[in-house]
Amino acid sequence: MSDTSAPGAPAARTDRRRREGSLFDLSHPGRTGVALPPLDVPAIDPPALFGSAHRSEVAGEVEASEVDVVRHFTRLSQLNFAIDTALYPLGSCTMKHNPRINEEVARLAGFSDVHPYTAEHLVQGALELLWLLEERLKTLTGFARVTLQPSAGANGELAGTLMIRAAHVARGNARRHILVPDSAHGTNPASAHFAGYSVIELASNARGTLDLAELEAKLTDEVAALMITVPNTLGVFEENILKITEMVHAKGALVYLDGANFNAFVGKVRPADMGVDVMHMNLHKTFSTPHGGGGPGAGPVGVGPALVPYLPTPTVERDGEVFRLSYDRPGSIGRMRTFHGNFGVLVRALTYIESYGNTIPEVAEAAVLNANYLRKRLEPFYHLKYDAPSYHEVVFSDRKQAAGGIHNIDIAKRLMDYGFHPPTMSFPLIVPGALMIEPTESEPKEELDAFADAMIAIAKECQETPELVHGAPHTTPVGRLDDASTAREASKPGSFAPVLRAPVR
Ligand SMILES: Cc1ncc(COP(=O)(O)O)c(C=O)c1O
């Protein structure tokens, strides 16, 4: 933890990294970051050319030198929490280390400069990459085909549910409902609605998994599919998954698996072998490019034979040594997005998969081991609502601390004083005061220990010096925000004005 009150340390107020404002505050009239060579073509007269549309200056434009700009962004980056500086426990987001080889490969000119409208014979390498990634994902999942088009997990869910709908329509009845457990990610019911279905919620059992009696009761002939997450958002594996898929199929419905948590079993078990019909994967979680709630992603969807006719177009097909885009799929649900997916993320995912090769099960093994290590260290200090075995993440709650008036938000903010990004909070909703921790496979034991030590120290502060936790964070450049007012302000068009509960330091 950085101690700004240590002897000789500058007061926070005088620390330039903390007090600097936005790039606009750095602007100096006449300063520039470029030096253009003398004009060697005839000068034009802009007002004559553009008439009243011509502006002699752009109001508010930043005038800064290259050094101003580089220092500004470097300082900003140092104020940030990042996976490159410490364990980033944002549960459900799988914030793992992004191997640098991925970046090297993604920056190869043949990949980064390729234009989506380039003629197919000139982009054979890019098409081969898409084909090969589909092959690898087929091997890892056991599915007949995988579409790489969806932009992210939620977009994959929509693609999957639209394919489910198309399959039912082809059988003469689209059906009306999709069953979704109460522990599901919010995108699941949203996607089902987008695909034209109403959602029936399934209450979890005391273990935190699907209740078979509840499933039996709600599984009618009007159910199109069950959308289930494995392991679920509590990090608990559905031990009855084979029974569940059997029950759903017996009613003529399909099983959609939310595979956002594939990190927990990649290389160990194939979803198709569990009886799953369709599953999306969050490449930006399981196969690197982590972004935790922003940035580019990719949500490929694998399908069993029954859904192949409805895949989005185009698909990449191989004819001998030639790769081509195919639009020949009369039952297709159509395109899910422009062009062929988030290509850069796909390049990174294939690089990640190829780097591991046959050792890819180690990803799941280490992710599960790390989550369980943290669980064991933190169990004596934080309440665990569901004590079923954890897989890749563990969901504690603030129940022990709430008795003394400290809530998960306070614990999360205090963690920032210890140099860690907060865990995911208040999700899943079935755990009131949730603190969802996912360390991922890329953390060494020392880092896990540093994180556990910080969480344990905070649990002790909650008892001994609660005001310290309640007023946190104390070492960040901006004090505690009033979350509700900030969210309201930020949602106003063109505004971002954080509302402070404590002052800027
Ligand atoms: C279980 C689960 N399902 C679906 C999603 C949605 O994925 P995306 O954010 O890529 O749309 C997430 C996101 O983290 C998730 O954790």
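The exercises below work through the fold of a predicted model, each with a stepwise solution.

Residues are numbered from 1 along each chain as its sequence is written. Because the model is predicted, local features need pLDDT of at least 70 and side-chain atom pairs count only at pLDDT 80 or more, while totals for chains, interfaces and linings use all residues.

**Exercise 1. Compare the overall dimensions of the protein with the globule rule.**

Step 1. Take the rule: 2.2 Å times the number of residues to the power 0.38, with the radius of gyration computed over C-alpha atoms.
Step 2. For 505 residues, a compact globule would have a radius near 23 Å.
Step 3. The protein has 26 Å, which agrees.
Step 4. Add the box: along the principal axes, the C-alpha atoms fill roughly 75 × 70 × 45 Å.

**Exercise 2. Describe the make-up of the protein, its contacts and its domains.**

Step 1. Count elements as DSSP runs, numbered from the N terminus: helices are H or I of at least four residues, strands are E of at least two. The protein has 18 helices and 12 strands.
Step 2. Define contact: C-beta atoms, placed from the backbone, within 7 Å. Among contacts with a separation of 6 or more, 70% join residues 24 or more positions apart.
Step 3. Place the domains, whose bounds come from an automatic or database domain assignment. Domain 1 covers 12-79 and domain 2 covers 114-358. Their centres, taken over C-alpha atoms, are separated by 45 Å.

**Exercise 3. Find the residues that touch the most other members of the largest nonpolar core.**

Step 1. Set the burial classes: buried means 20 or more other C-beta atoms within 10 Å of the residue's own, exposed means 12 or fewer, and partly exposed lies in between; C-beta atoms are placed from the backbone. By this count, 39% of the 505 residues are buried.
Step 2. Build the core from buried Ala, Val, Leu, Ile, Met, Phe, Trp, Tyr and Cys residues joined through C-beta atoms within 7 Å.
Step 3. The largest core holds 113 residues; M163, A225, M227, V278, L346 and A349 touch the most other members. Helix α12 (residues 343-356) gives the largest share, eight residues.
Step 4. Look at M163. Leaving out residues up to four places away in sequence, M163 touches V278, V303, L307, Y310 and I333.

**Exercise 4. Check the length of α13 and locate its buried face.**

Step 1. The expected span is 1.5 Å times one less than the number of residues.
Step 2. For the 18 residues of α13 (residues 361-378), this gives 26 Å; the end C-alpha atoms are 26 Å apart, which agrees.
Step 3. List the buried residues of α13: V363, A364, A367, V368, N370, A371, L374 and R375. They cover an arc of only 160 degrees around the axis, so they sit on the same side of α13. The arc is that of the directions from the helix axis to the C-beta atoms.
Step 4. Recall that an α-helix has 3.6 residues a turn, so residues three or four places apart point the same way.
Step 5. The buried residues of α13 pack against α12, β10 (394-397), β12 (434-437) and α16 (445-464).

**Exercise 5. Repeat the analysis for α8 (residues 187-194).**

Step 1. T187, N188, S191 and A192 are the buried residues of α8. They cover an arc of only 135 degrees, which puts them on the same side of α8.
Step 2. Their cover includes α7 (153-170), β2 (177-181), β3 (198-202), β4 (223-229) and β5 (254-259).
Step 3. After α8 comes G196, with a positive phi near 95 degrees.

**Exercise 6. Is R107 buried or exposed?**

Step 1. R107 lies in the loop between α4 (100-106) and α5 (109-112).
Step 2. R107 has 12 C-beta neighbours inside 10 Å, so R107 counts as exposed.

Key:
Contact = placed C-beta atoms within 7 Å.
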